[in-house]
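Reader: Could you take me through this model and say what lies behind the terms you use?

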Amino acid sequence: MAKIQEMTQLSPTMEEGTIVKWLKQEGDSISPGDILAEVETDKAVMEMEAYDSGVILKIIQGEGTKLKVGEALAVIGKPGEDISALLANLPKPKPSGGAEQTSAKSFPSPSASIDPGDSKKGVVSGVGETKTSSTETKISPSSQNLVPASNSPNQGQTAPSLPTAERTNGTSSQQRGTLRVLASPLAKSIAIEHGIDLHLVIGTGPEGRITKKDVLDSLNKGTGGMRVGSEVPVADEIVNLNGMRKTIAKRLTESKQNLPHFYLNVDVNAKALESFRKEINEFQISQNPNSPIKVSLNDIIVKATAATLKLHPKVNASFQGDSILQFGRVDVGIAVSIDGGLLTPVIRDANRKSILQISSEVKELAKKARDRKLKPEEFTNGTFTISNLGMYGISRFTAIINEPESAILAVGSVEDKPVVENGVVIPGRILSLTLSCDHRVIDGAVGAEFLKTLRSFLEKPNLLLAVG
């Protein structure tokens with residue numbers, strides 16, 4: 001009997017997902033565990049497995065479609081099986097405006113096409129061309145007359161776009177230059193690369209959306225799109241929130257509102273730390289000149305923090321409502337900035353690993369994070385997080401605690417500053433650390449003792465070789 005393949009929850013915080021790419025097609029035989037499609041969740045692009053065996057009789061939703069967990073993706077059954085009744089009973093897409101509304105219009109109603117010979121019509125092709133993406137920009141002219149966005153009383157709101165013909169014939173290039181542009185992410189990327197002004201490109205996609213082909217045609221023909229000087233005004237742009245940004249906004253707002261944060265700051269003399277790092281890297285180069293593992297200051301800070309957490313279990317803890325959980329494990333999350341958001345891959349048992357092991361693991365996980373290939377077990381259930389903005393030249397900052405953890409360490413850059421040694425002012429190298437604490441779990445003295453130990457490790461990093 002045919003079954004509906006639903007959008008499955010691929011991560012603990014996933015509420016909806018976008019179909020990036022179907023890896024199986026209608027007519028393909030599948031077995032449990034086969035990879036059906038790549039799905040973009042709020043955290044990563046992940047593979048969605050099949051849970052049933054059979055043949056894909058119908059792909060209900062095409063690439064680029066955003067669906068909530070539990071909504072129908074495809075029908076799996078026996079070859080030639082009649083699925084018309086099953087499709088007819090599926091709920092019809094609900095128009096909700098914006099990107100979701102456009103996606104719903106892009107695909108036929110589940111009951112519209114059930115003829116196997118016509119089944120291919122249910123699959124939308126041209127990913128990145130005609131689909132609506134969360135990063136697309138909306139055009140908001142009046143439905144009857146082109147009104148520059150700056151003059152519209154509803155500026156900033158999405159309004160129906162004009163048909164392509166009206167955009168082409170009824171609008172001068174100068175007028176279009178004042179409107180926000182509706183274009184696919186790929187079209188926008190190509191336009192930026194080649195210096196093409198999208199205001200001057202005529203879109204041929206749905207609702208006048210500018211596609212990759214439109215931009216390439218403009219580029220090849222040398223018409224319309226090339227930017228001249230700086231006379232074209234820069235229009236406002238609305239960037240819709242993707243799933244990751246929504247999750248970040250929700251979680252950090254809850255953390256800042258619900259956790260009573262307080263902050264402790266300490267300066268660390270980083271001369272010994274930098275010398276320690278230099279010695280490790282020189283040794284690595286001498287042992288393996290072709291592909292040495294180069295250790296960063298952050299790798300040493302991760303090791304020192306993990307060793308400190310082991311000695312201060314009250315900081316390696318979580319508020320549980322009517323109790324406090326002190327973790328037996330030390331799993332340190334590393335905040336990694338990626339395109340469109342932030343992820344925190346976790347170094348498991350960091351206190352038990354060498355600096356070189358930590359360095360290799362951090363590099364591997366950071367790459368997977370930027371490629372959106374992290375698995376849920378690689379970025380969940382940390383016990384403590386480190387956020388480092390030193391590479392951006394930030395001297396010091398405060399970070400928001402990553403719930404359900406009770407503290408986060410913010411690491412600034414190492415800077416030249418005068419220091420006093422033996423009553424004499426000399427040039428120094430100073431690293432600033434700021435610990436954000438959940439006061440329900442960590443008192444001021446507890447946090448201060450933690451930073452005192454951490455500073456000792458960083459100012460005498462050889463001690464790290466003696467702890468496991």
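Author: Gladly; here is a short talk about strands, contacts and cores. This is a predicted model, where local features need pLDDT of at least 70, side-chain atom pairs count only at pLDDT 80 or more, and totals for chains, interfaces and linings use all residues. Residues are numbered from 1 along each chain as its sequence is written, and side-chain values use heavy atoms, leaving out hydrogens and water.

Reader: What makes β16 and β17 a pair?

Author: Strands are DSSP runs of E, at least two residues long, numbered from the N terminus. Two of them pair if DSSP finds at least two bridges between them. Strand β16 (residues 384–388) and strand β17 (residues 407–421) have four bridges, in the parallel sense, so they meet that definition. In one of these, Ile386 has Leu409 of β17 as its bridge partner.

Reader: How do you know that β17 and β18 pair, and in which sense?

Author: DSSP gives 13 bridges between β17 and strand β18 (residues 424–438), in the antiparallel sense. Ile408 is matched there with Ser436 of β18. Their hairpin has two residues between the strands, and Asn422 takes a positive phi near 55 degrees.

Reader: Which residues does Ile386 touch?

Author: With contact meaning heavy atoms within 4.5 Å, and residues up to four places away in sequence not counted, Ile386 touches Asn298, Ile301, Val302, Thr305, Val332, Gly333, Ile334, Ala335, Leu409 and Val411.

Reader: Why is the set with Ile386 called a nonpolar core?

Author: Because such a core is a set of buried Ala, Val, Leu, Ile, Met, Phe, Trp, Tyr and Cys residues joined through side-chain atoms within 4.5 Å; buried means under 20% relative accessible area with a 1.4 Å probe, protein chains only. The largest one has 55 residues, and Ile386 and Leu409 are among those with the most contacts inside it. Helix α9 (residues 297–311) gives the most to this core, with eight residues.

Conventions
Buried means under 20% relative accessible area, exposed over 50%, partly exposed in between (1.4 Å probe, protein chains only).
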